[in-house]
Amino acid sequence: MRLGGPARYVYEIEKPEEIPDAYGFAKTYNLPVFVLGGGANTIGHDEGFNGVIIINRMRGITDVTWMGDDSGRGPQNVLQSKNFGEGKESAGPIQIKVMGGEPWDNVCEYAASKGLSGIEGLSKIPGLAGAAPVQNIGAYGQEITDTLTEIDVYDSETNSFRTLSNEDLQFSYRKSILNTTAKNRYFVISITLTLQPGQMPRPFYDSIEKYVSEHNVTDFSPANIRKIISEIRASKIPDPREKASAGSFFKNIYLSEPDAETAKEKGYPVYKGKNGYSINSGWLIEQAGFKGELLHGIRVNEKASLILINESATSYNDLAKARDEIIAKVYDKFGYWLEQEPVEITNENFKR
Ligand SMILES: Cc1cc2nc3c(=O)[nH]c(=O)nc-3n(C[C@H](O)[C@H](O)[C@H](O)COP(=O)(O)OP(=O)(O)OC[C@H]3O[C@@H](n4cnc5c(N)ncnc54)[C@H](O)[C@@H]3O)c2cc1C
């Protein structure tokens, strides 16, 4: 959001061996630690951060393994396989290991270019790969939990390196243990994904279905779906390099089945997805009259009301005032309490 003051210390990690040093430094001086990726989902406070920011600068997509296929041939190094990516019959699932400092969209591009499906829907989500499991990034019907096998981490509580499986991470909508029960405990070094040759199953997410029928698209390869998603996103989501935003500022509202029935009776648009019943919070914000409005220097995006843009706000307080007005009005009108999605770097709430 391009708000917030400076951090006292920043530690950039280029090798796993440097991680214990960074945490050791913070411990010695009794300072809190915040692990930062690309900052796309993080908001700073005006007073700055009196602690140590640690950034994963380790990059690379490696350890590419073909997991074998129906032909009975065993795993091999895919980079040596000439047939790799040529057809869905010939190849089985592929595992890739991505260092946490790699820009996330490079991973989506890499997978799509190899004909691998599973993360094409997550194309163009800003940020680094290490942050992807933290809030279980999701878009267009896919979430990182669908393809994530395990992650390598440094555990600041036990001062040791560990591997956590998908199950260990307890993923749900925009949640994992990394942003709930084990918040600030682990430094994500790398993530391992298992991707499938082939294409996204149909029916696609509504807006993709709409696009393919309007444009008579018949090529549903990961590369083409990625291209379509890039186009859809560019048409409604402002480029964060040009307009400061944190993407969706609020989470969607998830409802129990009886509450979903009540909401439908009231005429609210209820969506049923793999995580259950939900209402798009952007719709609630729009109905509450905020579409395109400017509040304390914060613009409610005209095309997607879930996105707040910092147009002329000069302090965290401007953003907080805009956010709180939106939450209060939506609650007054609909009785739903919007929950903020981006994380805040504060000087409180840290274990030292
Ligand atoms: C324009 C825009 C569009 C967006 N669209 C989407 C979308 O469609 N779907 C979606 O899910 N999100 C979306 N987002 C949110 C954001 O892109 C994701 O949350 C992304 O994963 C953030 O990555 P980052 O590296 O910038 O993380 P940061 O903002 O730097 O960090 C986010 C959280 O992850 C933690 N973290 C980061 N790196 C590590 C690490 N190596 N180890 C441990 N913890 C770490 C941080 O402490 C923090 O809690 C969007 C954001 C923007 C600006």
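This short talk goes from the overall build of the chain to its nonpolar cores.

What I am showing is a predicted model, and its chain contains 8 helices and 21 strands. If we lay the C-alpha trace along its principal axes, the chain spans about 60 × 60 × 40 Å. For 352 residues, a compact globule would be expected to have a radius of gyration near 20 Å, and the chain, at 21 Å, agrees with that. Buried residues account for 38% of the 352 residues, and if we take the contacts between residues at least 6 apart in sequence, 67% of them join residues that are at least 24 apart.

Let me turn now to the inside. The largest nonpolar core has 50 residues, and the members that touch the most others are Ile54, Val153, Phe187 and Ile191. Several elements give two or more residues to this core, including helix 1 (18–28), strand 4 (49–56), helix 2 (104–113) and strand 11 (148–155), while the largest share, 7 residues, comes from strand 13. Where does this core lie with respect to domain 1 (7–56) and domain 2 (61–197)? Both domains give residues to the core, so it lies between them.

To see one member in detail, we can look at Ile191, which, when neighbours within four places in sequence are left aside, is in contact with Val98, Gly100, Ala129, Gly130, Ala132, Pro133, Leu148 and Ile151. Apart from this largest core there is another one, of 28 residues, and among them are Met1, Leu3, Ile43 and Ile253.

Note on methods
Residues numbered from 1 in each chain as written. Predicted model: local features only at pLDDT ≥ 70, side-chain atom pairs only at ≥ 80, totals over all residues. Core = buried A, V, L, I, M, F, W, Y, C linked by C-beta atoms within 7 Å. Buried ≥ 20, exposed ≤ 12 C-beta atoms within 10 Å, placed from the backbone. Helix = DSSP H or I, 4+ residues; strand = E, 2+ residues; numbered from the N terminus. Domains from an automatic or database assignment. Contact = placed C-beta atoms within 7 Å. Rg over C-alpha atoms; globule rule 2.2 N^0.38 Å.
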